[in-house]
Amino acid sequence: MKFAEKLTILRRRRGWSQEELAAQIGVSRQAVSKWESGQSMPDLDKILILSNLFEVSTDTLLKNDRQLAPVTFEDLESSENDRKEDFGNGDPMADGNPPMPDIPLNKVVDLMTAKRFLEVKEYTAPRLALSVSFFISSVIPLLFFLAIRQFGWLKISSEMVVGLGLCFLLGLVAAGVYKIIRDEPLNQPYEYLEKENFRLDGQAYIFTEKVKDEWEPKIQRQMAVGIVLCILSPIAIFAPLFMKNNEAFMLIGVCVLLGFVAVGVNFIVTATTLKEATDILLQEDDYTTSAKKVNKVLEPLAGVYWTVVTAIYLAWSFLSNQWNRTWIVWAVAGILFGALSIGLNAYFNQKSSD
């Protein structure tokens, strides 16, 4: 339900004309008329006044997923005391409609917190993406040195080649881990946003929606480029199949493949991190109230679950010595864990809607 419809319903519940409402918030009747017809939106200070005036949260006014019951004839005829009793002392969701999510009122994210959180995510997103790219491409130097040695361009022993490649591998991994550790203190103050329920105030909500709209084209573009690069990457290992010295060219092809994947994943991780930032503040997709409840159950369970799966895999593998078959444990465990996650999601979604 849009803001314009909600404003009309709330005004009629009080039995006020547009002129009476305009007088109480210090604007013209024409301004109220434009708000109710959807031609314009009130300023942030007016939204806060409307929130206090109608005794509803700014989330109820601004979020389209919050519904209000339509106005009835009895609503228009009832007195102020009757209205407070009917609507739970100003709570428009207390008349049989689905209740608002159970969000502690003391946990309110204001505009400044939302801005700082989004700034941190915008700063750390490309740094995290670069770290992941380092991890993916860390094996490229080793494979490249092995390839050029087979071409005869590198006159050193295979042991020295492997040692040199491992030095580059460890250096790239260390650089990626360093970046992640350096950025951890920036993200730490906002970890509660991913795990706990909160209420986004009106100014923060409008700002986050604006940032989401501004970021959306960039996110879509980065996701598209990243996915296309990952799809095209296997081409690099097809060409060497038709060349002489196939093994050396195949190593070069794998290097190119990993390079494409590293760049593609860089775009994908950057886009995903930015999208998650607005989803966290707006509590959408994987960060809804029910999703957070699922994560609270799964987080402690996951450690025990995968430890048991690993123990079963190792025990079966060592006892049977059939390592070519025991890998199936991981496939089955992954499917079961996914089914458990889906089941918990469905349960909490049903529970919240009841």
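Which residue forms a salt bridge with Lys275? The partner is Asp279, and the closest N and O atoms of the pair are 2.7 Å apart. A salt bridge here is a side-chain nitrogen of Lys or Arg within 4 Å of a carboxyl oxygen of Asp or Glu. Before going further, a word on the model: it is predicted, so local features need pLDDT of at least 70 and side-chain atom pairs count only at pLDDT 80 or more, while totals for chains, interfaces and linings use all residues. Residues are numbered from 1 along each chain as its sequence is written, and side-chain values use heavy atoms, with hydrogens and water left out.

As for the overall make-up, the chain has 17 helices and 2 strands; these are DSSP runs (helices H or I, at least four residues; strands E, at least two), numbered from the N terminus. Of its 354 residues, 37% count as buried, where buried means under 20% relative accessible area, exposed over 50%, and partly exposed in between (1.4 Å probe, protein chains only). Take the contacts (heavy atoms within 4.5 Å) between residues at least 6 apart in sequence: 75% of them join residues at least 24 apart. The chain exposes about 20000 Å², with carbon and sulfur atoms supplying 62% of that area. Accessible areas come from the Shrake-Rupley method with a 1.4 Å probe, and for residues only the protein chains shown count as cover.

Back to the salt bridges, which number 4 by this rule. Lys275 and Asp279 both sit in helix α14, 4 residues apart, or about one turn of the helix. Lys275 is partly exposed at 37% relative accessibility, whereas Asp279 is buried at 4%. Another bridge joins Asp183 and Arg127, at 3.0 Å from N to O. Asp183 belongs to helix α10 (residues 158–187) and Arg127 to helix α8 (residues 111–137), so this pair ties together parts that are 56 residues apart in sequence. Asp183 is buried, with 6% relative accessibility, and Arg127 is partly exposed, with 22%.

Then there is the bridge between Glu36 and Arg11, whose closest N and O atoms are 2.6 Å apart. It links distant parts of the chain, with Glu36 in helix α3 and Arg11 in helix α1, 25 residues apart. Both Glu36 and Arg11 are buried; for Arg11 the relative accessible area is 8%. Not counting residues up to four places away in sequence, Arg11 touches several residues, including Trp16, Leu21, Glu36 and Phe54.

Glu36 also has buried company in helix α3 (residues 29–37), namely Ala31, Val32 and Trp35. These buried residues cover an arc of only 130° around the axis, which puts them on the same side of α3; the arc is that of the directions from the helix axis to the C-beta atoms. They pack against α1, α2 (18–25) and α4 (44–54). Right after α3 comes Gly38, with a positive phi near 80°.

On the outside, Val228, Leu232, Ile235, Phe238, Leu241, Val256 and Phe260 make a nonpolar surface patch of about 610 Å². Helices α12 (202–232), α13 (235–238) and α14 (246–282) each give two or more residues to it. Patches are made of residues with over 30% relative accessible area and no salt bridge; like charges are joined within 9 Å, and nonpolar side chains (Val, Leu, Ile, Met, Phe, Trp, Tyr) within 5 Å.
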